[in-house]
Amino acid sequence: SVLNSQIVLPLLGILGSADIWKFASGMIASFLYAGFFYSYFSATPAKLLVNIQVVSDSGRKLNFIEGGLRDSLGKLI
């Protein structure tokens, strides 16, 4: 979040509307964060603290793409 707001957004702001870049960079950050945690640990850090796992319908761990899409696009919808 800090990296996104302090470094990425100012650099991308010169390319166009800041609102579009805020949205896009937030979606990308959410995708990468969730993709990493769901594919390796089946949970984000907060879910790990309360022992909750996120799995597919068949009970297997999500892969990077599934985890990323679940968090970024799934929450958007």
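Start with salt bridges (a side-chain nitrogen of Lys or Arg within 4 Å of a carboxyl oxygen of Asp or Glu): a search of this whole predicted model turns up one. Select Glu66 and Arg60 to see it, with the closest N and O atoms 2.8 Å apart. Side chains of opposite charge can pair when their charged atoms come close. Colour by accessibility and Glu66 comes out as partly exposed, because its relative accessible area is 28%; Arg60 is partly exposed too, at 41%. Here buried means under 20% relative accessible area, exposed means over 50%, and partly exposed lies in between, with a 1.4 Å probe and protein chains only.

A word on the ground rules before moving on. Residues are numbered from 1 along each chain as its sequence is written, and side-chain values use heavy atoms, with hydrogens and water left out. Since this is a predicted model, local features need pLDDT of at least 70 and side-chain atom pairs count only at pLDDT 80 or more, while totals for chains, interfaces and linings use all residues.

**Zoom out: the whole chain**

Switch to cartoon view. The protein chain has four helices and zero strands, running α-α-α-α from the N terminus on. Helices (H or I, at least four residues) and strands (E, at least two) are DSSP runs, numbered from the N terminus.

Now colour by pLDDT, the predictor's confidence in each residue, from 0 to 100. The chain averages 80, and 73% of the residues score at least 70. Where is confidence lowest, and where is it highest? Helix 1 (residues 2-13) is at the bottom with a mean of 58, and helix 3 (residues 45-49) is at the top with 92. Where pLDDT is low, the predicted coordinates should not be read in detail.

Of the 77 residues, 25% count as buried. The chain exposes about 5,500 Å², with carbon and sulfur atoms supplying 68% of it; accessible areas come from the Shrake-Rupley method with a 1.4 Å probe, and for residues only the protein chains shown count as cover. Among contacts (heavy atoms within 4.5 Å) with a separation of 6 or more, 43% are between residues 24 or more positions apart.

**Helix 2: the rings**

Show the aromatic side chains next. A search of the whole structure finds six aromatic pairs. Rings of Phe, Tyr and Trp (its six-membered ring) pair if their centres lie within 6.5 Å; planes under 30 degrees apart count as stacked, over 60 as edge-to-face and the rest as tilted.

Pick Phe36 and Phe37: the ring centres are 5.1 Å apart and the planes stand at 80 degrees, so this pair is edge-to-face. Keep Phe36 selected and add Phe41 for another edge-to-face pair, 6.1 Å centre to centre with 75 degrees between the planes. Which of these rings are buried? Phe37 is buried, at 17% relative accessible area, whereas Phe36 is partly exposed at 37%. Phe41, which lies in helix 2, is also partly exposed, at 42%. Add Tyr33 and Tyr40 and you have the full cluster linked by ring pairs: Tyr33, Phe36, Phe37, Tyr40 and Phe41.

**The loop after helix 2**

Step along to the loop between helix 2 and helix 3, and select Ser42. Ser42 is buried, with a relative accessible area of 4%. Leaving aside neighbours within four places in sequence, Ser42 is in contact with Phe37, Ile52, Gln53, Val54 and Lys61. Draw a C-alpha distance from Ser42 to Leu62, 20 residues apart along the chain, and you get 6.9 Å.

Thr44 sits in that loop between helix 2 and helix 3. Thr44 counts as buried because its relative accessibility is 9%. Beyond neighbours within four places in sequence, the contacts of Thr44 are Tyr33, Phe37 and Tyr38.

**Last stop: a nonpolar patch**

Turn on the surface and select Phe23, Ile28, Leu32, Phe36, Tyr40, Phe41, Leu48, Phe64, Ile65, Leu69, Leu73 and Leu76: together they form a nonpolar patch with about 1,200 Å² of accessible area. Patches are made of residues with over 30% relative accessible area and no salt bridge; like charges are joined within 9 Å, nonpolar side chains (Val, Leu, Ile, Met, Phe, Trp, Tyr) within 5 Å. Helix 2 (18-41) and helix 4 (64-76) each supply at least two residues, and the largest share, six residues, comes from helix 2.

Finish on Ile65, found in helix 4. Ile65 is partly exposed, with a relative accessible area of 48%. Tyr38 is 27 residues from Ile65 in sequence, and their C-alpha atoms are 9.5 Å apart.
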